[in-house]
Amino acid sequence: MMNDSNNLCPICGEGHLQPQVGQNTVKYKDQTVALEFRFSLCDVCGSEQSNAEQLRANKRAMMAFKKRVDGLLTGKEVRALRERLGLSQAKAARIFGGGPVAFSKYESDDVAQSEAMDKLLRLADKLPAAFVLLTRQAGFEDRVLGGDWEEAVEWSSEVELRSGDGRPRLRLVSSSTPMDVDEPPWGNAA
Ligand SMILES: [Zn+2]
């Protein structure tokens, strides 16, 4: 076990470990990139090693790179999107699913969100009507979310949900006209 308090080298027992930031060239699918790589270097025997914190940072950098290559939102982008929607991580999980710590893991690049989750997030970000529907399904009132509807970008959309037998169940027709949060333009969903 490495002792972080005095950073004594566990290999030679004499030197001290100095934190370093290097670069590692990594390849994923058809893309190659130089990623920051964190490790510690012993000032006596020259051995290199990474502690738990450095390993975690290296893993996260690699995960963020993989997400970019796979066309998924990176952790930073998920966080920015969630904040645009005015959601805490806990509310976001209730609305989009994934479990209580899902967004903390997506945003720190510990885990990649599924392709389906990625698409759902982008949809909610681009289409306010979809976001409103999801938040209502999760049992939130619009005003609780703190979304700024007045400043929503211009949009126009038509959403139709069908029940199991294929008959239209709910139809949302929306435009960029700012909506009254107490009286949604489509009226009662029932
Ligand atoms: Zn050493």
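Here is a short walk through the structure, one selection at a time.

**Start with the whole chain.** Keep in mind that this is a predicted model. Colour by secondary structure and you should find seven helices and five strands. Going along the sequence, the pattern is β-β-β-α-α-α-α-α-α-α-β-β, so to speak a run of helices with strands on either side of that run. If you colour by burial instead, buried residues come to 16% of the 190 residues in the protein chain. Contacts are worth a look too: among those with a separation of 6 or more, 51% join residues 24 or more positions apart.

**Next, select 17-28, 31-42 and 48-49.** The first of these stretches is β1, 31-42 is β2, and 48-49 is β3. Together the three strands make an open sheet, ordered β1-β2-β3, with antiparallel pairing. β1 and β3 are the edge strands, each pairing on one side only. Zoom in on β2 and β3: their antiparallel pairing runs over two bridges. Which residue of β3 is the bridge partner of L41? Show E48 and you have that partner.

**Now add 52-69.** This is helix α1, and it lies across β1 and β2. Against β2, the helix runs at about 180 degrees.

**Move on to the largest nonpolar core.** Show V78, A92, F96, F103 and L121 as sticks: within this 16-residue core, they are the ones with the most contacts. Then bring up the helices α3 (89-96), α4 (102-107), α5 (115-126) and α6 (128-137), each of which supplies at least two core residues. Which helix gives the largest share? That is α3, with four residues. As general background, nonpolar side chains in soluble globular proteins tend to be buried together.

**Stay in the core and centre on L121.** Set aside the neighbours within four places in sequence, and L121 is in contact with L73, V78, L81 and F96. Two of these names should look familiar: V78 and F96 are also among the core residues with the most contacts.

**Finish at E115.** You'll find E115 in helix α5, which is also one of the helices that supply the core. Is E115 itself buried or exposed? E115 counts as exposed, because there are 11 C-beta neighbours inside 10 Å and the cut-off for exposed is 12 or fewer. For a last check, draw a distance from the C-alpha of E115 to the C-alpha of L72: the two atoms are separated by 7.1 Å, although the residues are 43 apart along the chain.

Definitions and conventions:
Residues numbered from 1 in each chain as written. Predicted model: local features only at pLDDT ≥ 70, side-chain atom pairs only at ≥ 80, totals over all residues. Buried ≥ 20, exposed ≤ 12 C-beta atoms within 10 Å, placed from the backbone. Contact = placed C-beta atoms within 7 Å. Core = buried A, V, L, I, M, F, W, Y, C linked by C-beta atoms within 7 Å. Pairing = 2+ DSSP bridges. Axes fitted to C-alpha atoms, helices over the stretch in contact; angles between N-to-C directions.
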